[in-house]
Amino acid sequence: MTREEIYLAGGCFWGLQRYFDLIDGVCETRVGYANSLIPNPSYEQVCSHSTNAVEALYVIYDPKVLSLENLLGRFFAVIDPTALNYQAHDFGTQYRNGIYTNNAAILPQIREFIATHIAPLYTKEVVTEVMILQNFYPAESYHQKYLLKNPNGYCHINISEITRIEP
């Protein structure tokens, strides 16, 4: 099986993980902290705004089942790409939205998707970061699959309305 990976930031990582875990073609997810100024930051350090880290979701997916464009469409369906440093009730730089990759070859494809399919839907500027991943540190174990373990936990994505999602 062919596998690709991407890192997505769109507010609280709990909801993104639960949402992407429901999408066919997603093989694995892990929440963590991307682009931190310090190695292996803790949740408390990230929330202190001293790390510049963003809460992110590491996604491994099968491009034969879920295309990059379809994956990006799913991502933008649950975030506000014009929200600078927040999503819903979560505020701070750790909640900025972004798409990060280790594969520089797909950056133009991601930017073109945003310019063609996302930006025309908004009157405000799309502020989604698109860049090469600098680093990624898995979050503490209690954050992994949090909404699966705590179904009544807070989430800006209404998971209760989502069933298994096919591409």
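Let's start with the sheet. In this predicted model, 6 strands form an open sheet. Their order is 7-6-1-3-2-8, and the pairing is mixed. What does mixed refer to? Strands of a sheet pair through backbone hydrogen bonds, either parallel or antiparallel.

Now the edges. Strand 7, residues 129-132, and strand 8, residues 136-138, stand there. Each has a single partner strand, so one side of each is left without a neighbour in the sheet. Neighbouring strands are turned by 35 degrees against each other on average, ignoring direction.

Next, one pair from the sheet. Strand 1, residues 4-10, pairs with strand 3 in the antiparallel sense, over 5 bridges. Take Tyr 7: its bridge partner in strand 3 is Tyr 58.

Two helices to point out. Helix 1, residues 13-21, lies across strands 1, 2 and 3. It runs at about 170 degrees to strand 2, which spans 26-34. Helix 3, residues 68-76, packs on the sheet too. It touches strand 1, strand 3 and strand 6, residues 97-101. Its direction makes about 15 degrees with that of strand 1.

Last stop: Glu 55. This residue sits in strand 3, which covers residues 54-61. Is Glu 55 buried or exposed? It is buried, yet it has no salt bridge. Which side chain of opposite charge is nearest? That is Arg 96, and it is 10 Å away.

So what is around Glu 55? Beyond its neighbours within four places in sequence, its contacts include Leu 8, Tyr 33, Tyr 43 and Gln 94. Phe 13 is also among them. The backbone nitrogen of Phe 13 lies 3.1 Å from a polar atom of the Glu 55 side chain.

Conventions
Residues numbered from 1 in each chain as written. Predicted model: local features only at pLDDT ≥ 70, side-chain atom pairs only at ≥ 80, totals over all residues. Heavy atoms only, no water. Helix = DSSP H or I, 4+ residues; strand = E, 2+ residues; numbered from the N terminus. Buried < 20%, exposed > 50% of the residue type's maximum accessible area, 1.4 Å probe, protein only. Lys, Arg positive; Asp, Glu negative; His and termini not counted. Salt bridge = Lys/Arg side-chain N within 4 Å of Asp/Glu carboxyl O. Polar contact = N/O pair within 3.5 Å; in protein donor to acceptor, adjacent residues only side chain to side chain. Contact = heavy atoms within 4.5 Å. Pairing = 2+ DSSP bridges. Axes fitted to C-alpha atoms, helices over the stretch in contact; angles between N-to-C directions.
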